[in-house]
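Q: Please take a close look at a single part of this model, a helix together with the stretch of chain that comes after it. I would like one connected account of what surrounds this part, with the reasoning made plain where a label depends on a cut-off.

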Amino acid sequence: MKTTKFLLFFLLIVGAISCQKEETEDSLLQAEILTDDHKQFLAQSSVNPENSTITTIDVEGKAVKYFKSNDLLLEYSEFENWLDQKDAPSQAKQFTGRYTISPLYRRFTVLAGSNLTRRARIALQDAVKAVNDIGTSVQIGIKYSGTADCVVTFYTPGPFENGQAPLPNSSGRPGSFINISTRLDSDFVKMKQVLIHELGHVIGLMHQDWKTLQSCGGGSNSGFVQWIPGTPTSDREPSVMQACANGRGATKIFSASDKRAINIIY
Ligand SMILES: [Zn+2]
């Protein structure tokens, strides 16, 4: 799944042209030597750096710079974006933590804890369905008794907290619990929002605005994050993974870019 999505992503930005020699020579305005950064970018883009050159091609009267590998063209501006991001993982983008769920554990169960109200159980069903409906290899089943990979229970947190959940562990297992504030039982939409957000952590997503915490009015943060290549650059990007549920950009359900991020990982 991951490889397919990766290739699809690059197929969108790689334009194929016919490999007619005379046409290429007509439009070739300059060539440059590839740097190590160029080569690294091309390799990560599934393009062989060894037979690639840099060319500028006249596209409808505009000079556009490309990497060229046989008949494949990759816009040079994609490299510039990549270079901006390469050494600056602190820019807000969509992130995972150090670990995601390994293929072995991507079908897992959550237990609706015995202290959940009927309303909370329905919110949990909706939240689980939101993950499953994305249609990736991560598929969650709900249990109402016995044991499960992740246990969901009500708890009584401090004044500004709605829930908590761990990220996947080094064995590649999903986060093992979700605590959700009893206060949310009076607000179904928010309860569901927080459950979707916590499930996001359980499957490996970090906060969209982890660096700036803009959704919480600002702050500082640290910790290990990995950017998910192909996801947006703004810390205000609509996302259910904004750190604070009422803040700017915070959505009630998975946003388009959240779904894209999950699709890319899984
Ligand atoms: Zn969170």
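A: Two residues are taken to be in contact if their C-beta atoms, placed from the backbone, lie within 7 Å of each other. In that sense Glu198, a residue of helix H6, touches Gly163, Ala165, Ile178 and Ile180, once residues up to four places away in sequence are not counted.

Before going further into this part, the setting should be stated with some care, since the model is a predicted one. The protein has 266 residues, of which 34% count as buried, and its secondary structure comprises seven helices and 12 strands. Among the contacts between residues at least 6 apart in sequence, 70% join residues at least 24 apart. The mean pLDDT is 83, and 82% of the residues reach 70 or more; over residues 1–30, however, pLDDT stays under 50, and for that stretch the model has 29 contacts beyond four places in sequence.

The helix itself, H6, covers residues 188–202, and Val202 is found within it. Glu198 has 22 other C-beta atoms within 10 Å and is therefore buried, the cut-off for that label being 20 or more. Its C-alpha atom lies 9.2 Å from that of Leu167, a residue 31 places away in sequence. Val202 is likewise buried, because 27 other C-beta atoms lie within 10 Å of its own. Its C-alpha atom is separated by 6.0 Å from that of Pro166, although the two residues are 36 apart along the chain. Leaving aside neighbours within four places in sequence, Val202 is in contact with Cys150, Ala165, Pro174, Gly175 and Ile178, so that Ala165 and Ile178 appear among the contacts of Val202 and also among those of Glu198.

Helix H6 also packs against another helix, H5, which covers residues 118–132; the axes are 9 Å apart and meet at an angle of about 45°. The two helices are therefore oblique to each other, because an angle of that kind falls neither under 35 degrees nor within 65 to 115. Their crossing is right-handed. On the H5 side the contact is made by Arg119, Ala120, Ala123, Leu124, Asp126, Ala127, Ala130 and Val131, and on the H6 side by Phe188, Met191, Lys192, Leu195, Ile196 and Leu199. Sorted by character, the residues of this contact comprise 11 nonpolar and three charged ones, with no polar residue.

After the helix, the chain enters the loop between H6 and strand E12, where Thr212 lies and where Leu213 also has its place. Thr212 counts as partly exposed, because it has 19 C-beta neighbours inside 10 Å, and Leu213 is partly exposed as well, with 19 other C-beta atoms within 10 Å. The C-alpha atoms of Thr212 and Asp235 are 7.4 Å apart, the two residues being separated by 23 places along the chain. Leu213 shows a backbone feature of its own, in that its phi is near 50°, a positive value in a residue other than glycine.

Further along the chain, Ser255 is found in the loop between E12 and helix H7, the latter covering residues 256–265. With 21 other C-beta atoms within 10 Å, Ser255 counts as buried. Its contacts, leaving aside neighbours within four places in sequence, are Pro238, Ser239 and Val240. The C-alpha atom of Ser255 is 9.1 Å from that of Met241, which is 14 residues away along the chain.

How values were computed
Residues are numbered from 1 along each chain as its sequence is written. This is a predicted model: local features need pLDDT of at least 70, side-chain atom pairs count only at pLDDT 80 or more; totals for chains, interfaces and linings use all residues. Helices (H or I, at least four residues) and strands (E, at least two) are DSSP runs, numbered from the N terminus. A residue is buried if 20 or more other C-beta atoms lie within 10 Å of its own, exposed if 12 or fewer, and partly exposed in between; C-beta atoms are placed from the backbone. pLDDT is the predictor's confidence in each residue, from 0 to 100. Axes are lines fitted to C-alpha atoms, for helices over the stretch in contact, and angles run from 0 to 180 degrees between N-to-C directions. Angles under 35 degrees count as roughly parallel, over 145 as roughly antiparallel, 65 to 115 as roughly perpendicular and the rest as oblique. A crossing is left-handed if the near helix is turned anticlockwise from the far one by less than a right angle, and right-handed if clockwise. Ala, Val, Leu, Ile, Met, Phe, Trp, Tyr, Cys and Pro count as nonpolar, Asp, Glu, Lys and Arg as charged, and the others, Gly among them, as polar.
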